[in-house]
Amino acid sequence: MGTAKRQPWVVGVSGASGTPYAASVIRALLAAGEAVDLIVSRAARLTILDETGISFRDAHWRTDLAAWLGTDQGLDDVRYWPAGDFAAGPSSGSYPAKGMLVVPATTGAVAGIALGLSKDLLQRVASVTLKERRPLVVCVRETPLNGVTLKHLVELDAQGAVVLPASPGFYAGGSTVRELVDFVAGRVLDAVDVPHSLYLRWEGELGAAARAAAAGDGTLAEGE
């Protein structure tokens, strides 16, 4: 019998502030047993360095990714593609990816994807994801949004992408930055039906999440 075909989720990290959202998504994907193909844009490397103090380097990506995620568990299921590598596997529609999650997404990435510019590997893979009718989630992290970006987001929606602003909800009882980050990451995974336990779901009872948190019954983030 042949081995099962690897079908990863492609995670694209652009240069917007909000790299903790990407780290939470990657940790949860690996915890769910999903394979991950990772693309980190050149601008995102600067943002990761600014927000975490970690240098993300092509030649040392595994060590740097472990430092960024705070764990080395599951990294055997991660494949890294440099942002300038247009010959990378996911740049072709024949590559067996499940879909793509752009977390966080800059307004520049939003424009490039909406217009099909393919200025780097991240944008190219997003365009391939759309043309192959695979799930694409664009977690835009910018505020306020101008009219041009809003038009680009409407265009992405028309092309079949899920436009998911990085807008944490407070009904799940989150009171720490980590919990609010995990809420957004959980909603990204909800959009592609990947199971997780990143936040307490609404079940129609007012105050239930707050009572669970006070009682110490809140859901722990993946990897804790």
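Before I come to a loop that I want to show you, let me say that helices and strands here are DSSP runs, helices of at least four residues and strands of at least two, numbered from the N terminus. With that in hand, we can place serine 118 in the loop between helix 4 and helix 5, and I should add at once that everything I describe belongs to a predicted model.

Serine 118 has a positive phi of about 50°, although this residue is not a glycine. A little earlier in the chain, just after helix 4, glycine 116 also takes a positive phi, of about 70°. Both of these residues turn up again when we look at serine 127, which lies in helix 5 and which, once its neighbours within four places in sequence are left aside, is in contact with Ile113, Gly116 and Ser118. Is serine 127 buried or exposed? Its relative accessibility is 16%, and because buried means under 20%, serine 127 counts as buried.

Helix 4 itself covers residues 107-115, and its buried residues are Ala109, Val110, Ala111, Gly112, Ile113 and Ala114. What covers them includes strand 4, helix 5, strand 5, which runs over 136-140, and helix 6, which runs over 147-158.

Let me now move towards the start of the chain, to helix 2, residues 42-52, where Ala44, Thr47 and Ile48 are buried. Seen down the axis of helix 2, the buried residues fall within an arc of 100°, so they line one face of the helix. On the other side of helix 2 we find Arg42, Leu46 and Asp50, which are exposed. And what lies over the buried residues? The cover includes strand 1 (9-13), helix 1 (19-31), strand 2 (36-40) and helix 3 (61-69).

Helix 2 is followed by glycine 53, whose phi is positive, near 80°, and then, in the loop between helix 2 and helix 3, we come to isoleucine 54. At 17% relative accessibility, isoleucine 54 counts as buried. Leaving aside its neighbours within four places in sequence, isoleucine 54 is in contact with Ile48, Leu49, Asp64, Ala67 and Trp68. One of those partners, aspartate 64, is 10 residues apart from isoleucine 54 along the chain, and the C-alpha atoms of the two are separated by 7.0 Å.

That brings me to the nonpolar cores. In soluble globular proteins, nonpolar side chains tend to be buried together. In this model the largest nonpolar core has 40 residues, and those that touch the most other members are Leu29, Leu38, Phe56, Leu65, Trp68 and Leu101. The largest share of this core, 8 residues, comes from helix 1. If we take leucine 65 and set aside its neighbours within four places in sequence, we find contacts with Leu38, Phe56, Leu75 and Val78. There is also a second, separate core, of 24 residues, which includes Trp81, Ala83, Ala97 and Leu153.

Helix 1 also holds serine 24, which is buried, with a relative accessible area of 2%. Not counting residues up to four places away in sequence, serine 24 touches Val181, Asp182, Ala185 and Leu198.

Next, the empty space. How many cavities of 30 Å³ or more are there? The count comes to 1, and the volume of the largest cavity is about 50 Å³. Among the residues that line this largest cavity are Val10, Pro90, Tyr95, Met100 and Arg134. Strand 4 (99-105) and helix 5 (121-131) are the elements that give two or more residues to the lining, with the largest share, 3 residues, coming from helix 5. By kind, the lining residues divide into 7 nonpolar, 3 polar and 1 charged.

I will finish with some features of the backbone. Two peptide bonds to prolines deserve a mention: the one from valine 103 to proline 104 is cis, with omega near -15°, and proline 104 lies in strand 4. The bond from threonine 143 to proline 144 is cis as well, with omega near -10°, and proline 144 is found in the loop between strand 5 and helix 6.

Lastly, aspartate 193 has a phi near 60°, a positive value in a residue other than glycine. Aspartate 193 sits in the loop between helix 7 (177-190) and helix 8 (208-214), and this residue is exposed, with a relative accessible area of 69%.

Conventions:
Residues numbered from 1 in each chain as written. Heavy atoms only, no water. Buried < 20%, exposed > 50% of the residue type's maximum accessible area, 1.4 Å probe, protein only. Arc of directions from axis to C-beta. Contact = heavy atoms within 4.5 Å. 1 Å grid on protein atoms, 1.4 Å probe; cavity = no way out; pocket = protein on both sides within 12 Å on 5 of 7 lines; lining within 4 Å. Points joined across faces, edges and corners; volume = space filled by probe spheres on them. Nonpolar A, V, L, I, M, F, W, Y, C, P; charged D, E, K, R; others polar. Core = buried A, V, L, I, M, F, W, Y, C linked by side-chain atoms within 4.5 Å.
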